[in-house]
Amino acid sequence: MAAKPVSKPSAAASGEPAPLSVELARLEEIVRKLESDDAELDDALALFEEGVQRLRAARERLAEAELKVQAVLEQADGTLRTSDLDV
């Protein structure tokens with residue numbers, strides 16, 4: 001069976017990253033493909049590499065979002081008010 005091409009991490013034409021929901025959906029797709037029994041070794045390795053890249057990028061974006069939330073919660077006197085966010 002011929003190997004299927006593996007898609008590269010996506011970015012919008014404007015250079016902006018895809019929405020986090022799209023990235024997470026792709027990660028779920030990668031996991032499903034890796035869990036299937038019909039994945040060829042080379043394809044599985046490429047999918048694994050892509051998944052690791054996307055996971056790292058998602059973690060970075062979440063960390064950036066956390067910093068933005070902290071900045072918004074910062075009080076006028078410079079103290080930081082933190083609270084749990086129910087997401």
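**A salt-bridge network in a two-helix chain**

Trainee: Which residues are linked in a network of salt bridges?

Mentor: This is a predicted model, in which local features need pLDDT of at least 70, side-chain atom pairs count only at pLDDT 80 or more, and totals for chains, interfaces and linings use all residues. Residues are numbered from 1 along each chain as its sequence is written, and side-chain values use heavy atoms, with hydrogens and water left out. A salt bridge is a side-chain nitrogen of Lys or Arg within 4 Å of a carboxyl oxygen of Asp or Glu. The network formed by such pairs links Glu23, Arg26, Glu29, Lys33, Glu50 and Arg54.

Trainee: How many helices and strands are there in the protein chain?

Mentor: Helices (H or I, at least four residues) and strands (E, at least two) are DSSP runs, numbered from the N terminus. On that basis, the protein chain has 2 helices and 0 strands.

Trainee: Which residue forms a salt bridge with Glu29 at 3.2 Å, N to O?

Mentor: Glu29 is partly exposed at 29% relative accessible area, a class between buried (under 20%) and exposed (over 50%), with a 1.4 Å probe and protein chains only. The partner of Glu29 is 3 residues away in helix α1, a separation of about one helical turn. That partner counts as buried, at 10% relative accessibility. The residue whose side chain meets Glu29 at 3.2 Å is Arg26.

Trainee: How far apart are the closest N and O atoms of Lys33 and Glu29?

Mentor: Lys33 and Glu29 both lie in helix α1, 4 residues apart, or about one turn of the helix. Lys33 is partly exposed, with a relative accessible area of 37%. In the salt bridge between Lys33 and Glu29, the closest N and O atoms are separated by 3.3 Å.

Trainee: Which residues does Lys33 touch, not counting residues up to four places away in sequence?

Mentor: Contact means heavy atoms within 4.5 Å. With residues up to four places away left out, Lys33 touches Arg26, Ala39 and Leu47.

Trainee: Are Arg54 and Glu50 buried or exposed?

Mentor: Arg54 and Glu50 both lie in helix α2, 4 residues apart, about one turn of the helix. Their side chains meet in a salt bridge of 2.8 Å, N to O. Both Arg54 and Glu50 are buried.

Trainee: What share of the 87 residues in the protein chain is buried?

Mentor: The accessible surface of the chain, from the Shrake-Rupley method with a 1.4 Å probe, comes to about 7100 Å², of which 56% belongs to carbon and sulfur atoms. Of the 87 residues in the chain, the buried share is 15%.

Trainee: Which residues gather in a patch of negative charge on the surface?

Mentor: Patches are made of residues with over 30% relative accessible area and no salt bridge, like charges being joined within 9 Å and nonpolar side chains (Val, Leu, Ile, Met, Phe, Trp, Tyr) within 5 Å. Asp and Glu count as negative, Lys and Arg as positive, and His and the chain ends are not counted; the place of a charge is NZ of Lys, CZ of Arg, CG of Asp or CD of Glu. One member, Glu40, sits in the loop between α1 (20-35) and α2 (41-73) and is partly exposed at 41% relative accessible area. The residues in this patch are Asp37, Asp38, Glu40 and Asp42.
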